[in-house]
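Here is a short note for a colleague who is opening this entry and would like a guided reading. The points below are numbered and can be taken in order.

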Amino acid sequence: MLKGVGVQVADYISQPRLMARLAQLAEFGALPHGGVNRQALSGEELAARAWLIDWAFALGCEVITDDCANLFIRRAGREDLPPVVTGSHIDTQPCGGNLDGCYGVIAGMECLSALAHAEITTLRPIEVAIWMNEEGSRFSPGAMGSSAFVQPQRLADYRHHQDAQGVTLQQALARCHQRFPHLPRRGTVPMAAFVELHIEQGPVLEKANQPLAVVQGIQGVRWYQVSCLGQSAHAGTTPMGDRKDAMSLARQMAQQLEEQAATLPADQLRLTFGRWEVEPNAINTIASRATFTLDFRHEDPAVLAQFDDWMQQIAADNVLVECVFSHPPVAFNAQLLAQQYACTQALQIDTTTLTSGAFHDAMHLASHCPTSMFFVPSHNGISHNPAEYTDPQYLYLGAKALACCLTELANQPIGVPHEHPHLSCLL
Ligand SMILES: [Zn+2]
């Protein structure tokens, strides 16, 4: 069993300090009736950055930024090797909770505090990354910062994206860089590992009564839009046999896909018909056009390919099928997963495994360096909601596991090899 310096550092994780810092961060953009609204690069978010930067300097860390306003809080190592990185995001949904993303950042900072209190300097630097605009609720798409870090050429396109007020990302980035003119900027640098700690945002861990999961990967996803075409006509005068009812056709297509999906094992499958648009959308007119979207997720590329086939099979002259987004499944790094287990065993934390159904910054980092995640439970599976809650004891255990893991990884002279999981984003 692991009895190294990682366990020693984990003992310096302080639950009261962790909870106090989470509460402090939640004050930036706090909503009057609970919850947080802290949009990417907004005034509230820049104030939260200023607070984090002060904290970082107080810990003796260096703070670095990049063109896409990602922040890196760096605790120096004994040697200038590629860093071991953790972190997440501090932007929230318009009516979000105080844990999504924030927990990963604050727990990462708590690990740096623990190292300072333990008076331990690791071989490699350790960094806490704050990735810009993960939620995608101000600027679309989400995970802008992490995806632009991994593929810097994306930023040229992102710069023109506007928020609901017509502010471009370019303008918002300029405002951020003007606020923090003294931060050194860097480009994409090699990283020894990225380990993200996050709330599960689903009910599985709580139901299984498990405080922690080592996340095996992230499900692949397909987003399709299906438009069914008919002809609008009078609801009272058109006999049933003479109709070209787009809505009835759409319901048939959706039911057929649901039946096909039901033949797959249910535990990993996620199928959602989230958006419906009907034209002309009138009570007494037969629909001329019915459009619906599908969000299909699975961890097995063969199942995703099978689903693509089904979608092609329903395509016809009056059924238009369009794939609007696609991302392959991500398998996290096996050696990192083994390191995470060794840590949770040494710390005697009950640990299970899970595959993430949600996207995270780690999905993009996985193509850059060895990457993995930890999840802690979400009470009632609720997230993107002020009611987001995790038992403080679980938050504490997650931070301890992270501290152990970062310390152990940062003391390895030879980095974990990066098995390319594969994975190019199609959009
Ligand atoms: Zn998140």
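1. Which residues are the protein donors of the zinc ion? They are His 89 (NE2), Asp 100 (OD) and His 198 (NE2), lying 2.0 to 2.2 Å from the ion, where donors are N, O and S atoms within 2.8 Å of the metal (3.2 Å for Na, K and Ca), and sites may look incomplete because water is not among the atoms.

2. Please keep in mind that this is a predicted model, in which local features need pLDDT of at least 70 and side-chain atom pairs count only at pLDDT 80 or more, while totals for chains, interfaces and linings use all residues. Residues are numbered from 1 along each chain as its sequence is written, and side-chain values use heavy atoms, with hydrogens and water left out.

3. Along the chain, the zinc donors follow the spacing H-x10-D-x97-H. Asp 100 is buried at 5% relative accessible area, and His 198 is buried at 1% (buried means under 20% relative accessible area, exposed over 50%, partly exposed in between, with a 1.4 Å probe and protein chains only).

4. The count of salt bridges comes to 10, each being a side-chain nitrogen of Lys or Arg within 4 Å of a carboxyl oxygen of Asp or Glu. One of them joins Arg 185 and Asp 67 at 3.0 Å, N to O; Arg 185 is partly exposed at 48%, as is Asp 67 at 38%.

5. Arg 186 and Glu 127 meet in a salt bridge of 2.7 Å, N to O, and both residues are buried.
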